Amino acid sequence: MRILLVEDDAELNRQIKESLEDAGYVVDAALDGEEGHFLGDTEPYDCVVLDIGLPLMDGISVLQRWREDARTMPVLILTARDRWNDKVAGIDAGADDYVTKPFHIEEVLARVRALIRRASGHATSELACGPLIVDTKTSRALVDGKALKLTSHEFRLLSYLIHHKAEVVSRTELTEHLYDQDFDRDSNTVEVFVGRLRRKIGHDLIETVRGLGYRLRDPGEEQAGTPAAS
């Protein structure tokens with residue numbers, strides 16, 4: 001899953017970015033509102049962590065412009081302001097949740113996980129598909145109760161697929177959510193990761209939908225729609 005972090009305090013930006021990356025997320029970071037707005041307006045993100053007090057363009061204005069442009073990714077705002085009207089202004093501008101500084105980074109991580117889950121229609125941290133369980137809180141994956149040994153890219157790919165279970169996800173979309181903006185992206189590598197995952201979780205769980213992409217599905221459930229071949 002790919003996160004945009006917009007925070008002007010360089011040290012805090014670094015700390016949050018490292019914590020998100022340690023939790024398995026791909027993170028793009030910006031230090032001012034103009035760069036943050038540009039990234040959020042041009043790149044696909046699963047969640048945004050947005051400070052309100054930003055230089056060049058304040059966080060409320062950034063968020064309002066995203067929403068006016070129909071950018072619907074969940075947004076967690078960070079604010080050092082304790083006044084209730086500042087929090088209300090953020091929510092009214094389109095924020096989905098907020099954290100008041102100072103905060104514990106574990107709270108930010110928990111709220112990010114919750115926003116991503118809710119955005120994809122999931123209620124708990126354990127996401128299941130047949131014998132497969134992905135625990136987004138601990139970044140673990142299990143099949144038939146046995147923990148899998150996955151690389152960071154394999155886990156990111158599997159996490160994105162299970163968050164969008166039963167949906168057809170294109171290779172381009174997967175590539176956009178596996179790597180940050182500076183990475184030299186190659187959608188052909190997705191095929192390699194899918195092949196590795198199939199060997200670890202079972203070939204029946206990841207379905208290839210010809211000409212469209214991949215779909216994670218429970219082979220025990222009847223599938224309808226586009227014909228596919230594994």
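The following paragraphs describe the overall form, the nonpolar cores and several individual residues of a predicted model.

The secondary structure of the predicted chain consists of eight helices and eleven strands. For a chain of 230 residues, a compact globule would be expected to have a radius of gyration near 17 Å, and the value of 18 Å found for this chain agrees with that expectation. Along the principal axes, the C-alpha atoms occupy a box of roughly 55 × 35 × 30 Å. Of the 230 residues, 47% are buried, and the accessible surface of the chain amounts to about 11100 Å², with carbon and sulfur atoms contributing 47% of that area. Among the contacts in the chain with a separation of 6 or more, 55% are made between residues that lie 24 or more positions apart. The chain carries 29 positive and 42 negative charges, and the mean positions of these two sets are 6 Å apart.

The largest nonpolar core of the chain comprises 45 residues, and the members that touch the most other members are Ile3, Val112, Leu132, Ile201 and Leu216. Helix H6, which spans residues 152–163, gives the most to this core, with six residues. Apart from this core lies another one, made up of 19 residues, among them Val48, Ile52, Val75 and Ala93.

Two of the residues named for the largest core, Ile3 and Val112, can be followed in further detail. When residues up to four places away in sequence are not counted, Ile3 touches Leu20, Tyr25, Val26, Val27, Asp28, Tyr45, Cys47, Val49, Val112 and Ile116. Val112 is placed in helix H5, which covers residues 105–119. With a relative accessible area of 0%, Val112 falls under the 20% limit and is therefore counted as buried. The contacts of Val112, again leaving out residues up to four places away in sequence, are with Ile3, Tyr25, Cys47, Val49 and Leu76. A separation of 66 residues along the chain lies between Val112 and Asp46, whose C-alpha atoms are 9.3 Å from each other.

A further buried position is that of Val134, which belongs to strand S7, formed by residues 132–135, and which has a relative accessibility of 0%. Not counting residues up to four places away in sequence, Val134 touches Ser125, Glu126, Leu127, Arg140, Ala141, Phe155, Leu158 and Ile162. The C-alpha atoms of Val134 and Ser159 are 7.0 Å apart in space, while the two residues are 25 residues apart in sequence. Helix H6, introduced above for its part in the largest core, also holds Ser152. Ser152 has a relative accessibility of 44%, a value between the 20% and 50% limits, so that Ser152 counts as partly exposed. Between the C-alpha atoms of Ser152 and His104 the distance is 24 Å, with 48 residues separating the two in sequence.

Several loops of the model contain backbone features that deserve separate mention. In the loop between strand S5 (97–100) and H5 is Pro102, and the peptide bond that leads from Lys101 to Pro102 is cis, with an omega near -5°. Ala70, which is located in the loop between helix H3 (59–68) and strand S4 (75–79), has a positive phi of about 65° although it is not a glycine. The relative accessible area of Ala70 is 57%, which places this residue in the exposed class.

A positive phi in a residue other than glycine is also found at Asp144, with a value near 55°. Asp144 is situated in the loop between strand S8 (140–143) and strand S9 (146–147), and its relative accessible area of 61% means that Asp144 is exposed. The loop between S8 and S9 also includes Gly145, which is exposed with a relative accessible area of 63%. Gly145 and Pro74 are 71 residues apart in sequence, and their C-alpha atoms are 31 Å apart in space.

Technical notes
Residues are numbered from 1 along each chain as its sequence is written. This is a predicted model: local features need pLDDT of at least 70, side-chain atom pairs count only at pLDDT 80 or more; totals for chains, interfaces and linings use all residues. Side-chain values use heavy atoms; hydrogens and water are left out. Helices (H or I, at least four residues) and strands (E, at least two) are DSSP runs, numbered from the N terminus. The radius of gyration is taken over C-alpha atoms; the globule rule is 2.2 Å times the number of residues to the power 0.38. Buried means under 20% relative accessible area, exposed over 50%, partly exposed in between (1.4 Å probe, protein chains only). Contact means heavy atoms within 4.5 Å. Accessible areas come from the Shrake-Rupley method with a 1.4 Å probe; for residues, only the protein chains shown count as cover. Lys and Arg count as positive and Asp and Glu as negative; His and the chain ends are not counted. The place of a charge is taken as NZ of Lys, CZ of Arg, CG of Asp or CD of Glu. A nonpolar core is a set of buried Ala, Val, Leu, Ile, Met, Phe, Trp, Tyr and Cys residues joined through side-chain atoms within 4.5 Å.
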